[in-house]
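Here are a few short exercises to work through with the model open beside you. Try each task yourself before reading its solution.

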Amino acid sequence: MQENYVTNRPGRHLKVMAFTGHPFHEGEREVQRRAGVAAEAEDVGRIIASTISPAVRRFLAGQRMAVVASLDAGRQPWASLVTGAAGFLETVDERLLRIAAEPAPGDILPANLRARPELGLLVLDPRTRQRLRINGRGLLRPEGIFLLADEVYGNCPKYIQRRRLAGETESRPAGRPARSRRLDASQRQRVAAADTFFIASFHPGGGADASHRGGRPGFVRVGDDGRIGFPDYPGNNMFNTLGNLAGHPRVGLLFVDFATGDLLHVAGRASLPEGPERRVEVRVEEVRETRGGSPLRWELVE
């Protein structure tokens, strides 16, 4: 084991205890080789830990939202938003985390956890642009969702929009989410105007993973055929999401309207078109929309 520091902004960092074994599964290694960054990725991979450090515990204690990646019985990934008061992400011990929150009514997360244990957690603080990933196995209990960590690591703040918490509502959606097989005109506009979305993916050798994608409005495009496309911007060379898609080309996307709390879930099959720009395209197979699914209201700062 060795200590590593993951810097998230000047003057702030999360310390994790990293393991020295190989941190990537075969899909990630294949994409890293194709991109010519295998050596760089192996060096960066040393930040991945198997335990929750005291610094990570302090970070988790102050957060209000997280995105959870889970799988349904057919191994289709879904991304879900969970929120709560500060402290709802409670560290039980150095490997076990309790998520004391309920997803929006009608969210598929509880059913997924009853079907499969794989769980990926992305904790993102829009106020500071810090983010942390914890991947492992989940269990649904009356006291909340428990996550036993296999991997714990921070990511840089690249492409994260800074937002401030502007308010919170106590009301919850009255009905179940509206479901369809394709995006309607309003949903297409919302996707095309997004500056942020979240993506859930899975690999048999690595489990479930939740990741963030951000850019200027318009970086996500909806084609005439209804496919959703977006670039894979340069990052830390880990290629967690693309590596998962190399072995299991299905994704779950989550678009959050930070001003209204509306949630738009998209499930589909992903492909990586040929060309000079790394790009992901998603053939939409199911859409679920929950109006006011999140109680938190955020304002864009920068």
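## Exercise 1: A strand and its neighbours

Strand β6 (residues 96–99) and β9 run antiparallel and are joined by 4 bridges. Keep in mind that this is a predicted model.

**Task.** Find which residue of β9 R98 stands opposite, then work out how many bridges join β8 to β9.

**Solution.**
- Step 1: start at R98 and look across to β9, where you meet F146.
- Step 2: now turn to strand β8 (residues 130–141), which is joined to β9 by 11 bridges, with the two running antiparallel.
- Step 3: pick out one of those partners: G136 has A149 as its bridge partner in β9.
- Step 4: follow the chain from β8 to β9 and you'll find a hairpin, with 2 residues between the strands.
- Step 5: check how covered β9 (residues 144–155) is: 10 of its 12 residues are buried, so the strand is mostly covered.

## Exercise 2: Rings meeting rings

**Task.** There are 3 aromatic pairs in the structure. Take F197 and F230: is their pair stacked or edge-to-face?

**Solution.**
- Step 1: get the angle between the planes, which is 70° for F197 and F230.
- Step 2: compare it with the cut-off: over 60 degrees counts as edge-to-face, so that's the answer here. The ring centres sit 4.9 Å from each other.
- Step 3: place the rings. F197 belongs to strand β12 (residues 196–203) and F230 to strand β15 (residues 228–231), so the pair ties together parts 33 residues apart in sequence.
- Step 4: look at exposure. F197 counts as buried because its relative accessibility is 0%, and F230 is buried too, at 1%.
- Step 5: widen the view, and ring pairs link F197, F219, F230 and F255 into a cluster.

## Exercise 3: An enclosed space

**Task.** The structure holds 4 cavities of 30 Å³ or more. Which elements give two or more residues to the lining of the second largest one?

**Solution.**
- Step 1: note the volume of the second largest cavity, about 70 Å³.
- Step 2: go round its lining, which includes W78, S80, D107, H265, R288 and T290.
- Step 3: match the lining to the elements: β4 (77–83) and β18 (279–290) are the ones that give two or more residues.
- Step 4: sort the lining residues by type, and you get 5 nonpolar, 4 polar and 2 charged.
- Step 5: finish with two residues of that lining, W78 and R288. R288 lies over the face of W78, 4.9 Å from the ring centre.

Methods. Residues are numbered from 1 along each chain as its sequence is written. This is a predicted model: local features need pLDDT of at least 70, side-chain atom pairs count only at pLDDT 80 or more; totals for chains, interfaces and linings use all residues. Side-chain values use heavy atoms; hydrogens and water are left out. Rings of Phe, Tyr and Trp (its six-membered ring) pair if their centres lie within 6.5 Å; planes under 30 degrees apart count as stacked, over 60 as edge-to-face and the rest as tilted. Buried means under 20% relative accessible area, exposed over 50%, partly exposed in between (1.4 Å probe, protein chains only). A charge sits over a ring if NZ of Lys or CZ of Arg is within 6 Å of the ring centre and within 35 degrees of the ring normal. On a 1 Å grid over the protein atoms alone, a cavity is a set of points where a 1.4 Å probe fits but cannot get out, and a pocket is an open set with protein on both sides within 12 Å along at least five of seven lines; lining residues have an atom within 4 Å of a point. Grid points are joined across faces, edges and corners, and a volume is the space filled by probe spheres set on the points. Ala, Val, Leu, Ile, Met, Phe, Trp, Tyr, Cys and Pro count as nonpolar, Asp, Glu, Lys and Arg as charged, and the others, Gly among them, as polar. Two strands pair if DSSP finds at least two bridges between them.
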